[in-house]
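Got the structure open in your viewer? Let's take a short walk through it, one selection at a time.

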There are 4 protein chains.
Amino acid sequence: MTLFDELKTAAADDWAAYTHHSFVQQLGAGNLPQPAFRHYLIQDYLFLIQFARAYGLAAYKGHSFEDLAKGQAGLQATIEETELHVRLCAGWGISREQMAATAEQPATVAYTRYVLDTGMQGDLLDLHVALSPCVIGYAEIGARLKPALEANPEHPYAEWVAEYSSEDARRLADEAIAYIDQLGARYLSPARFPRLAEIFATATRMEAAFWQMGLDLAAAEE
Amino acid sequence: MTLFDELKTAAADDWAAYTHHSFVQQLGAGNLPQPAFRHYLIQDYLFLIQFARAYGLAAYKGHSFEDLAKGQAGLQATIEETELHVRLCAGWGISREQMAATAEQPATVAYTRYVLDTGMQGDLLDLHVALSPCVIGYAEIGARLKPALEANPEHPYAEWVAEYSSEDARRLADEAIAYIDQLGARYLSPARFPRLAEIFATATRMEAAFWQMGLDLAAAEE
Amino acid sequence: MTLFDELKTAAADDWAAYTHHSFVQQLGAGNLPQPAFRHYLIQDYLFLIQFARAYGLAAYKGHSFEDLAKGQAGLQATIEETELHVRLCAGWGISREQMAATAEQPATVAYTRYVLDTGMQGDLLDLHVALSPCVIGYAEIGARLKPALEANPEHPYAEWVAEYSSEDARRLADEAIAYIDQLGARYLSPARFPRLAEIFATATRMEAAFWQMGLDLAAAEE
Amino acid sequence: MTLFDELKTAAADDWAAYTHHSFVQQLGAGNLPQPAFRHYLIQDYLFLIQFARAYGLAAYKGHSFEDLAKGQAGLQATIEETELHVRLCAGWGISREQMAATAEQPATVAYTRYVLDTGMQGDLLDLHVALSPCVIGYAEIGARLKPALEANPEHPYAEWVAEYSSEDARRLADEAIAYIDQLGARYLSPARFPRLAEIFATATRMEAAFWQMGLDLAAAEE
């Protein structure tokens, strides 16, 4: 059993509430209201800036060139993912300027700054555990939604589902799982597991609140 | 005009939405549902741990013994405020263990980690501006609610209002305003004002979301 | 065997080179050239500012109110120790302004910033291990030099030896040893010991270089 | 006048002592004892790990994607420079394992941790000013030594001089100068200049101490 699986098991309810959140279910079924998706996309852009910072932090926290190279790869990948994201948003008529000028929602602030502060306060293991609900959870969600995509050639959120069900997304998630095991072998003492489980559960709940934010902002406009 | 007043003016709507939030209005009128207040109190305990960390950070960020002594005083005051808080909660039948075992809400995570990450990313001026909606805003709210307290000897939230309308609270707020001016004289370039205004506005909106959380948690239980 | 003793055993040569450094031997014998002691005292003032910052960092890194209170106590004690230090220096005709205007030597920068960066990069255990050669080593040195002090009522460095052989110094050292054990029980995995030993050995060598700096600066003036 | 030139002017003596250090003069003349150069090379490898961390920190400290991309580029360049360095050392019969197993000298610790702690304590401008004596100073030294290289086809340190007198080194230095101006326009208040000048002067003195370390280690072996 990987350390990631142990953390998921310890936070089973939170994990289910996040990965099967109503936003995700509607996204998969293709009946998520477009305003909810648009709000999500815009906040996700603001989210990615902070995520890139988190990989910079991972490099700062590294002890070996391998750690540094992993931080560098994550930083570069996040900067590139942002460009993909900007193109995806352009398809929905949302410009980069519009996104950059939007205020961050509390849910966006909560998850991103939790990751950054947890990583700064602790070590590389804490940081990567805080990042994992995003990196690994999105690939899990993407894989689950993929059949819905294949069943519906007109799926309105095809591009999003395709991105997170891609082989690339799977590979990145598998690497993250392996790296958490490697960091666990280095740093994890038995007494530390409860703290790690708390980080994982909190980060997972913050991700669920991020989906909820999309629904709430759309509902508030009606 | 103090720098704090300039920041407040630049974020006038956010400041009004925070300091005149429905939670505050009901708190002053004495008709805030008790469950809303209880949820607020419990989350505020979790908030104070992070706030104490922020004053530790202020000491780390200091350049002179004066900065260090200010960080130390803030840290000590926050630890002591927590003890007051624990006693206040005991009066409402909420134990320290119960508070410590409660999960942090997204709104709690959002404001606290925003302050910590903003302070770590930037300098002492950024940190103290991010702290100011709490330190200074609570005294402003306390002062506004004080007449309601004096008009009603049975006010259910008398202790809370008394604490934040006290001379101590006013003095701490005045010191914070003066310190922000002092840090501004040291660090503020004209080009930096927009970023500082963004920090202030974001922190203020996170404070408003913290009040809203009290109302939402109570509403969800009904 | 305490964790501190394990670390000391693993770095036995470095520890001996630090605690029995020629500067220390001459200090105990009372024949240390005064210029060497003066240079040391001035740099030590600059050192204490950074040490106070390290205790602010310890508070930032804390998870519990106990951790926070320990950071606060260390911060307060260091600020107070600085005042003692300023009085000690006044006795040698060195003013606070003179010390504050002196440039930091590489050896001063090396140890202090090593502690701060190691603590920021890692967790509370890393930070307190990096601090330990100073906090605990000085008490060990003080205890060893105490008989020389008692044998010589005119000892030129009586005040310094008295301070670090005091019961207060011993108590602080014992508390630091106990806290490292407590942090070890929380955070230490077997795989992490080599890294911890490296931190301890490096910090110890930086302390030895700090003594050497006093001798070198005095020699350069001759 | 660029901000970098203002800083250099304010620290003219320290800058001259660094860029015209005896180690540099002997390196250019080709009569630097090989042991001094070897010690320098080995410590420089340990230096580069910390420098890569500093660029990770720069990404963490960034506010815009431009800042993040600059951090990422610096991180990637430093990781690649390390590979060049490993090859250069292999030519001198020094293996990567040998370098990684060498203990850091106080001078190595002093400069690298000063950069990291200064950057963490302050903002991006502080960080890049602390990095500048290395990034920009090496290109200045390289350019000055280039004629000596051209005059002597058998120059023992040809590879080193070629690397730091290359167009790439010049371009990186020019970019660093321009970026410091850009950060200055964003962040520099007049009251802050003395602190910035202190950072620059301290970092420059730590670089000079790094050269001196090469000479001292070689002398100690004789």
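What follows is a tour of chain contacts, with a few stops at single residues.

**Before you click**

This is a predicted model, in which local features need pLDDT of at least 70 and side-chain atom pairs count only at pLDDT 80 or more, while totals for chains, interfaces and linings use all residues. Residues are numbered from 1 along each chain as its sequence is written, chains are lettered from A and ligands numbered from 1 in the order in which they are written, and side-chain values use heavy atoms, with hydrogens and water left out.

**Stop 1: chain A by itself**

Select residues 14-216 of chain A. An unreviewed UniProt entry annotates them as "domain: Thiaminase-2/PQQC"; such annotations may be inferred rather than shown by experiment, and their positions are given here in the numbering used in this tour, with feature names shortened. Over that range, chain A is 84% helix and 0% strand, and the C-alpha atoms at the two ends are 19 Å apart. Helices (H or I, at least four residues) and strands (E, at least two) are DSSP runs, numbered from the N terminus.

**Stop 2: chains D and A**

Now show chain D together with chain A. Two copies of a chain are related by a rotation about an axis and a shift along it. Here, a rotation of 180 degrees with 0.0 Å of shift along its axis puts chain D onto chain A, with an RMSD of 0.0 Å. That is the relation of a two-fold axis. The fit is by least squares on the C-alpha atoms of residues with pLDDT of at least 70 in both copies. Which residue of chain D comes closest to the rotation axis? Pick D:Gly56, whose C-alpha is 2.1 Å from it.

Next, colour the contact, where contact means heavy atoms within 4.5 Å. You should have 22 residues from chain D and 21 residues from chain A. Because 95% of the interface residues of chain D are also interface residues in chain A, the copies meet through the same surface.

Chains D and A bury about 1,900 Å² between them, 76% of it on carbon and sulfur atoms. Buried area is the accessible area (1.4 Å probe) that two parts lose on being put together, summed over both. On the chain D side, show D:Arg53, D:Tyr60 and D:Phe65: they lose the most area to chain A, together 38% of what that side buries.

Helices H4 (34-61), H5 (65-91) and H7 (106-121) of chain D each give two or more residues to this side. H4(D) gives the most, with nine residues. By type, the chain D side has 14 nonpolar, six polar and two charged residues. For that split, Ala, Val, Leu, Ile, Met, Phe, Trp, Tyr, Cys and Pro count as nonpolar, Asp, Glu, Lys and Arg as charged, and the others, Gly among them, as polar.

How many salt bridges cross between chain D and chain A? The rule (a side-chain nitrogen of Lys or Arg within 4 Å of a carboxyl oxygen of Asp or Glu) finds zero there.

**Stop 3: chains D and C**

Hide chain A and bring in chain C. A rotation of 180 degrees with 0.0 Å of shift along its axis superposes chain D on chain C as well (RMSD 0.0 Å). In chain D, the C-alpha nearest this axis belongs to D:Ala110, 1.9 Å from it.

Here 18 residues of chain D touch 18 residues of chain C. The two chains bury about 1,400 Å², with carbon and sulfur atoms giving 61%. Between chains D and C the count is four salt bridges. To see one of them, pick D:Arg53 and C:Asp117, whose closest N and O atoms are 2.8 Å apart. H4, H7 and helix H11 (193-221) of chain D each supply two or more residues, and H7(D) has the largest share, with nine. This side of chain D has nine nonpolar, four polar and five charged residues.

**Stop 4: two last picks**

Zoom in on C:Arg205, found in helix H11 of chain C. Leaving out residues up to four places away in sequence, C:Arg205 touches C:Asp14, D:Ala103 and D:Glu104.

Finally, show B:Asp117 and A:Arg113, which meet in a salt bridge (3.4 Å, N to O). This pair crosses between chains, from H7 of chain B to H7 of chain A. A search of the whole structure finds 48 salt bridges over all chains.
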